[in-house]
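Notebook open, coffee at hand. I wanted a quick look at the fold and its strand pairing before anything else, so here is what I looked up.

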Amino acid sequence: MSEEQHSQDDRGVRRSITGTVTSTKMDKTAVITVIRRVRDRRFHKFVTRRVKYKAHDEKNAAKVGDVVEIIEARPMSRTKRWRILRTLSHNAELPGASSEPGEGAEA
């Protein structure tokens, strides 16, 4: 899910990463989770690594579950250094997210 690419333009080479939108509760900001699988150096098992990026979303167009491509940008706040370039697919299933609000909560 994290195909990292480099794009060339007037402002130099900028990284772009593909990830899933996990939160849109902030104004003009979306939290993008990038999941990648790496091989453990000692035990040679594959381990899942997750990184969360805060990306600028000018029109608040991103919805939770969308697969988006983000690109490096100038610092917009203390933690926001990425912006959403484009939406690749809409409303993908999130791992661990339940479809029913009451599902999983047993009394």
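Entry 1, surface. I started with the outside of this predicted model. The protein chain exposes about 8,000 Å², and carbon and sulfur atoms supply 48% of that area. I then asked how much of the chain is buried: of its 107 residues, 27% count as such.

Entry 2, elements. My tally of the secondary structure gave 0 helices and 6 strands. Reading from the N terminus on, I noted the order β-β-β-β-β-β.

Entry 3, contacts. I looked at pairs of residues at least 6 apart in sequence. Among the contacts they make in the protein chain, 47% join residues at least 24 apart.

Entry 4, strand β5. Next I picked the strand spanning residues 67–72 and wondered why β5 is largely enclosed by the rest of the structure. The reason I wrote down is burial: 5 of its 6 residues are buried, with under 20% relative accessible area as the cut-off, so the rest of the structure largely encloses β5.

Entry 5, partners of β5. Which strands are bridged to β5? One is β2 (residues 12–23), joined to β5 by 5 bridges, and the two run antiparallel. For a single pair to click on, I chose S16, which stands opposite I71 in β5. Another is β6 (residues 80–89), where I found 6 bridges to β5, again with an antiparallel run. Here my example pair is V68 with its bridge partner T87 in β6.

Entry 6, recap. My picture of β5 is a strand with antiparallel bridges to β2 and to β6, and with 5 of its 6 residues buried.

Note on methods: Residues numbered from 1 in each chain as written. Predicted model: local features only at pLDDT ≥ 70, side-chain atom pairs only at ≥ 80, totals over all residues. Heavy atoms only, no water. Buried < 20%, exposed > 50% of the residue type's maximum accessible area, 1.4 Å probe, protein only. Pairing = 2+ DSSP bridges. Contact = heavy atoms within 4.5 Å. Areas by Shrake-Rupley, 256 points an atom, 1.4 Å probe, with all protein chains shown as cover.
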